[in-house]
Amino acid sequence: MQSCDHADNVDLLIEARWIIPVEPAGSVLEHHAIAVREGRIVDLLPCDEARLRYRPRTLRTLDKHVLIPGLVNLHTHAAMNLLRGYADDRALMRWLKEHIWPAEMKHVRHDFVRDGTLLACAEMLRGGITTFSDMYFFPDAAAEAALEAGMRAALGMVILDFPSAWASDADQYISKGLAVRDRFKHEPLLHFTLAPHAPYTVSDASFERVATLAEQLDLSVHIHVHETLDEIAQSLSERGLRPLERLLRQGLVSPRLIAVHSVHLDTDDIALLAREGASVAHCPTSNMKLASGVSPTTRLLAAGVNLGLGTDGAASNNRLDMFQEMRHAGLLAKISTGDASALPASELLRMSTLGGARALGIDHLTGSIAVGKYADLCAISLDQAETLPCYSPVSHLVYAAGREHVTDVWVAGIARVEQGIMLHLHNNDLKARARLWQNRMAL
Ligand SMILES: [Zn+2]
């Protein structure tokens, strides 16, 4: 390879046919390269200049690919990969009360969460996801799995007012969650959120503690809210307040809030989220599958609310596939507004990368391809019959390509998937663990 004598050493140089950095909006670079040193992006420049300027330890040439920031899955319950297909085709409360919660009471322990989260990490990494925002019991087990997979994760310290194998009451959920954060807080890939499950499972007293801790420890608050009409009706009849009004009174509607689902929002709810600078985690596939409704995403964006996309857990989706979420979010926005220009492809890509990172307060670290950020990257081959010809790589990413076209994934500059092969997780071991759990669940 040609290089000057005074070329700079870098760990990795990735040359790509197209690079979509997400910032600045609308930019599509052709024949550019990304230089990476110590996990961070140090340069983004045309390929011919890069070859003169840098002497890379590893060179990767992706001449038929588009390179994008690693996808950010803003809402999931990763361990529920072990409950995929366990109960389907039921409304949310019946599905939870009759199927999911009893199965969780019986089976969810540390090893369940560790194995389930590892399976989810494998699925997500191979699908181009480099960061996930999780909410589940035993967040210590999820942390171990994320570290083993080498993924960036925002682990929710889950809080409920009913017992589980993880904790017996809200105080214990909080104290155990904080202990997990203390144990892992020096891990550069791991972040933590407070994760009160939902308004219908968390008391006012617990919300008060969450608000205090969020302020003291500068943590995001990750909560399901306004998911169904029943949730809102129940809150109005029991408390005379919509759930979001209740959270506002508790001091929880702020830039730290990640309002998951936010399906049923009136004009005042949207104005409130916008005024307080909250983010929404839009989960279109889960909302369709549970027949929860259609989130007013175009009105949220028009009001200035930050949106990210999430898959929700594999029990209610049933894929942890951000390509599918992008497509579903776009199609739902168009059909529900009667406007084919609603949520264009570039906006969907921004939501699934930078929007998610911003919601988590980690957009200075990841979410776009910019000098100084970590090299969290995903390469997609557009050299297939179904993706040729290619007039617009952004269009193909959302409307034509899928996770099966992801070839390479890096997290903080470390290759985790190379030419479609996972480098650090072993497929046969993961499959054996999944079969073991299938047998246990059948008992
Ligand atoms: Zn959820």
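**Exercise 1. Work out which residues hold the zinc ion in this predicted model, and what geometry they give.**

Solution.
- Start with the donors: H75, H77 and H224 each offer NE2, and D312 offers OD, at 2.1 to 2.3 Å from the zinc ion.
- Now look at the angles. The 4 donor atoms subtend 87 to 172° around the zinc ion, so the arrangement counts as irregular.
- Why not tetrahedral? That label needs all angles between 85 and 135 degrees, and the range here runs up to 172°.
- For reference, ideal angles for four tetrahedral donors are 109.5 degrees.

**Exercise 2. Place the zinc donors along the chain, then decide whether H224 and D312 are buried or exposed.**

Solution.
- Read off the spacing of the donor residues: H-x1-H-x146-H-x87-D.
- H224 and D312 bring distant parts of the chain together, 88 residues apart. H224 sits in strand β9 (residues 220–225), while D312 lies in the loop between β12 (306–309) and α12 (322–337).
- Buried means under 20% relative accessible area. H224 comes in at 6% and D312 at 4%, so H224 is buried and D312 is buried too.

**Exercise 3. Find the buried side of helix α7 (residues 229–239) and say what covers it.**

Solution.
- Pick out the buried residues of α7: E231, I232 and S235.
- Check their directions: they span an arc of only 95° around the axis, so they share the same side of α7.
- Turn to the face pointing away from that buried side, and you'll meet the exposed residues L229, D230 and S237.
- The cover over the buried residues includes β9 and α8 (243–249). Strand β9 is also where H224 sits.
- Finish just past the helix: G240 follows α7, with a positive phi near 70°.

How values were computed:
Residues are numbered from 1 along each chain as its sequence is written. This is a predicted model: local features need pLDDT of at least 70, side-chain atom pairs count only at pLDDT 80 or more; totals for chains, interfaces and linings use all residues. Side-chain values use heavy atoms; hydrogens and water are left out. Donors are N, O and S atoms within 2.8 Å of the metal (3.2 Å for Na, K and Ca); water is not among the atoms, so sites may look incomplete. Four donors count as tetrahedral if all angles lie between 85 and 135 degrees; four count as square planar and six as octahedral if opposite donors are over 155 degrees apart and all others between 65 and 115; anything else is irregular. Helices (H or I, at least four residues) and strands (E, at least two) are DSSP runs, numbered from the N terminus. Buried means under 20% relative accessible area, exposed over 50%, partly exposed in between (1.4 Å probe, protein chains only). The arc is that of the directions from the helix axis to the C-beta atoms. Contact means heavy atoms within 4.5 Å.
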